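Colleague: I would like a close look at one part of this model, the aromatic side chains and what surrounds them. Please take it step by step.

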Amino acid sequence: QVQLVESGGGLVQAGGSLRLSCAASGHTFRRNVMGWFRQAPGKEREFVAAVTWSGLWRYYADSVKGRFTISRDNAKNTMFLQMNGLKPEDTAVYYCAADKDTYDSRSNYSSYHEYDYWGQGTQVTVSS
């Protein structure tokens, strides 16, 4: 059974940093894309970032580009999201996700429909 477990959320002041982790078990996502999404109260779930198993391809939402960095440690089957320069508008529940299919370069993996496995989410709150 595939499980994704996020950790690292919390409360931080604007301008601060957090590092989210997503530990995968039950499957080794060596040829799959993994990504981060977030959902603020009253809003739809939105794409944050995605990365291939090799880490050579990464894609970011415009709203986080230059501030967030997505990475993977395949030896530990873990994905990370380093968030710097946090803003109050980054406040949301952050979810990690994984696609069960092999990477397809025709997609930018920004749609939640492309992911098959989801974690339970971790809350990130940025105070002004």
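Over the ring of which residue does the charged end of R45 sit, and how far is it from the centre of that ring?

Modeller: The ring is that of Y95. The charged end of R45 sits 3.9 Å from its centre. Keep in mind that this is a predicted model. R45 also lies over the face of W118, at 4.8 Å from the ring centre.

W118 leads into the aromatic cluster. Its members are F37, F47, W57, Y59, Y103, Y109, Y115 and W118. The count of aromatic pairs comes to 10. Take F37 and Y115 as one of them. Their ring centres are 5.2 Å apart and their planes stand at 80°, so this pair is edge-to-face. F37 lies in strand 4, while Y115 lies in the loop between strand 9 and strand 10, so the pair ties together parts that are 78 residues apart in sequence. F37 has a relative accessibility of 1%, so it counts as buried. Y115 is buried too, with a relative accessible area of 5%.

Now turn to W57 and Y59. Their ring centres lie 6.2 Å apart, and their planes meet at 5°, so the pair is stacked. Y59 counts as partly exposed, at 31% relative accessibility.

Y109 belongs to the cluster as well. Its place is in the loop between strand 9 and strand 10. Y109 is buried, with a relative accessible area of 2%. Look at its backbone too. Phi of Y109 is near 55°, a positive value in a residue other than glycine. Most residues other than glycine have a negative phi. N77 also has a positive phi, near 55°. N77 is found in the loop between strand 7 and strand 8. Its relative accessible area is 12%, so N77 is buried.

V48 connects the cluster to other parts of the chain. This residue is found in strand 5. At 0% relative accessibility, V48 counts as buried. Leaving aside neighbours within four places in sequence, V48 is in contact with the cluster members F37 and Y59. Its other contacts include W36, R38, Y60, A61 and V64. F68, L81 and Y94 are also among them. The C-alpha atoms of V48 and I70 are separated by 9.3 Å, and the two residues are 22 apart along the chain.

Three of those names lead to the nonpolar core. The largest nonpolar core has 36 residues. Those with the most contacts inside it are W36, L81, M83 and Y94. Several strands supply at least two residues each to this core, among them strand 3, strand 4 and strand 5. Strand 7, strand 8, strand 9 and strand 11 do so as well. In soluble globular proteins, nonpolar side chains tend to be buried together.

M83 shows how such a residue is surrounded. Setting aside neighbours within four places in sequence, M83 is in contact with G16, S17, L18 and L20, among others. Its contacts also include R67, F68, Y94 and V124.

Strand 3 holds the next point, the disulfide. The count comes to one disulfide. It joins C22 to C96, with an S to S distance of 2.1 Å. The torsion about the S-S bond is about 55°, so the disulfide is right-handed. C22 lies in strand 3 and C96 in strand 9, so the pair ties together parts that are 74 residues apart in sequence. C22 is buried, with a relative accessible area of 0%. C96 counts as buried, also at 0% relative accessibility.

S21 lies in strand 3 as well. With a relative accessible area of 19%, S21 is buried, because the cut-off for buried is under 20%. Not counting residues up to four places away in sequence, S21 touches V5, E6 and S7, among others. Its contacts also include W36, T78, M79 and F80.

V5, E6 and S7 bring in strand 1, which spans residues 3-7. Strand 1 and strand 3 pair in the antiparallel sense over five bridges. The bridge partner of V5 in strand 3 is A23. Strand 1 has two faces: L4 and E6 are on the covered one, whereas Q3, V5 and S7 are on the uncovered one.

Technical notes:
Residues are numbered from 1 along each chain as its sequence is written. This is a predicted model: local features need pLDDT of at least 70, side-chain atom pairs count only at pLDDT 80 or more; totals for chains, interfaces and linings use all residues. Side-chain values use heavy atoms; hydrogens and water are left out. Buried means under 20% relative accessible area, exposed over 50%, partly exposed in between (1.4 Å probe, protein chains only). Helices (H or I, at least four residues) and strands (E, at least two) are DSSP runs, numbered from the N terminus. Two strands pair if DSSP finds at least two bridges between them. A nonpolar core is a set of buried Ala, Val, Leu, Ile, Met, Phe, Trp, Tyr and Cys residues joined through side-chain atoms within 4.5 Å. Contact means heavy atoms within 4.5 Å. Rings of Phe, Tyr and Trp (its six-membered ring) pair if their centres lie within 6.5 Å; planes under 30 degrees apart count as stacked, over 60 as edge-to-face and the rest as tilted. A charge sits over a ring if NZ of Lys or CZ of Arg is within 6 Å of the ring centre and within 35 degrees of the ring normal. A disulfide is a pair of cysteine sulfur atoms within 2.5 Å.
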